[in-house]
Amino acid sequence: MGEMSAEHVSENYYDVLKELGNIGAGNAMTALSQMLQCKIDMQVPQVRLLEFSRVGEVVGGEEQILASVFLGVSGDISGSMMFMVDEDSARHLIQKMTMGMLPPGSEFEDMGLSALQEVGNIITGAYLNSLSSMTNLTIIPTPPAVSIDMAGAILSVPAIQFGIYGDKILLIQSQFRDDIELDGYFILVPDLESYSKILTALGLPIL
């Protein structure tokens with residue numbers, strides 16, 4: 001297997017990565033719809049391969065408050081997966097999960113965070129399962145961690161853990177709605193060797 005750079009991925013395999021992102025996000029929204037027992041409409045996701053250092057500005061700025069579910073990925077590929085929504089969307093999802101039982105303003109206390117963790121667990125699991133099915137690779141997620149913080153602080157975790165600040169990552173922005181419109185972001189951060197494994201599994205040559 002030849003060496004692969006993030007630039008090589010960007011130039012030659014973007015369409016394949018975009019299709020993976022579309023299918024993964026679609027399956028994740030289907031899982032969310034089943035969990036919440038309501039119809040969810042989703043626009044075609046915007047899929048971008050961009051430098052990790054630019055993610056903060058794309059999600060609304062480094063100081064934007066976001067709710068994040070972060071998990072590591074191991075098995076045949078390694079890296080991390082993250083699902084993020086803005087603060088208002090997170091509160092809405094938590095109220096949906098808890099059937100409106102929480103007093104307004106208390107969503108980010110223990111019960112609400114537990115509900116958000118379950119939302120993240122289900123939809124990131126659905127995303128990774130679709131990737132696993134398409135590639136026949138074993139993908140094992142770690143237990144998810146939930147955080148409510150500024151985008152810059154949230155994104156520093158995978159940047160430090162995986163040393164990927166200068167690398168390109170796959171960002172999927174998905175707008176979906178039940179009774180209000182929500183903006184969600186999936187970030188898939190495989191290491192470069194894992195990019196090669198994914199593309200090889202799909203029958204694409206690594207030049």
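**Aromatic pairs**

I looked up the aromatic pairs first and found 2 in the structure. The model is a predicted one. I noted each pair by the distance of the ring centres and the angle of the planes, which is how a pair of aromatic rings is described.

Phenylalanine 83 pairs with phenylalanine 186 at 5.1 Å centre to centre, with 45° between the planes, and I entered the pair as tilted. I then checked where the two residues sit in the chain. Phenylalanine 83 belongs to strand 4 (residues 79-86) and phenylalanine 186 to strand 8 (residues 181-190); they are 103 residues apart, and the pair links distant parts of the chain. Buried or exposed, phenylalanine 83 and phenylalanine 186? I found both of them buried.

The other entry is tyrosine 127 with phenylalanine 186. Their ring centres are 5.5 Å apart and their planes stand at 25°, so I recorded this pair as stacked, the cut-off for stacked being under 30 degrees. Tyrosine 127 comes from helix 5 (residues 110-135) and phenylalanine 186 from strand 8, 59 residues apart, and this pair too links distant parts of the chain. Tyrosine 127 and phenylalanine 186 are both buried.

Phenylalanine 186 takes part in the pair with phenylalanine 83 and in the pair with tyrosine 127. I therefore logged Phe83, Tyr127 and Phe186 as one aromatic cluster.

**A charge over a ring**

Next I looked at arginine 91. It lies over the face of phenylalanine 108, at 4.2 Å from the ring centre.

**Serine 68**

I located serine 68 in strand 3 (residues 65-75). Its relative accessibility is 0%, so I counted serine 68 as buried. Which residues does serine 68 touch, not counting those up to four places away in sequence? I listed Met82, Phe83, Met84, Ala145, Val146, Ser147 and Ile154. One of these contacts of serine 68, Phe83, is also a member of the aromatic cluster.

**Positive phi**

Most residues other than glycine have a negative phi, so I wrote down two residues that do not.

Glutamine 37 has a phi near 55°, a positive value, and is not a glycine. I placed glutamine 37 in the loop between helix 2 (14-36) and strand 1 (41-42). With 73% relative accessibility, glutamine 37 counts as exposed.

For methionine 99, also not a glycine, I noted a positive phi of about 55°. Methionine 99 is in the loop between helix 4 (87-97) and helix 5. The relative accessible area of methionine 99 is 70%, and I entered this residue as exposed.

How values were computed: Residues are numbered from 1 along each chain as its sequence is written. This is a predicted model: local features need pLDDT of at least 70, side-chain atom pairs count only at pLDDT 80 or more; totals for chains, interfaces and linings use all residues. Side-chain values use heavy atoms; hydrogens and water are left out. Rings of Phe, Tyr and Trp (its six-membered ring) pair if their centres lie within 6.5 Å; planes under 30 degrees apart count as stacked, over 60 as edge-to-face and the rest as tilted. Helices (H or I, at least four residues) and strands (E, at least two) are DSSP runs, numbered from the N terminus. Buried means under 20% relative accessible area, exposed over 50%, partly exposed in between (1.4 Å probe, protein chains only). A charge sits over a ring if NZ of Lys or CZ of Arg is within 6 Å of the ring centre and within 35 degrees of the ring normal. Contact means heavy atoms within 4.5 Å.
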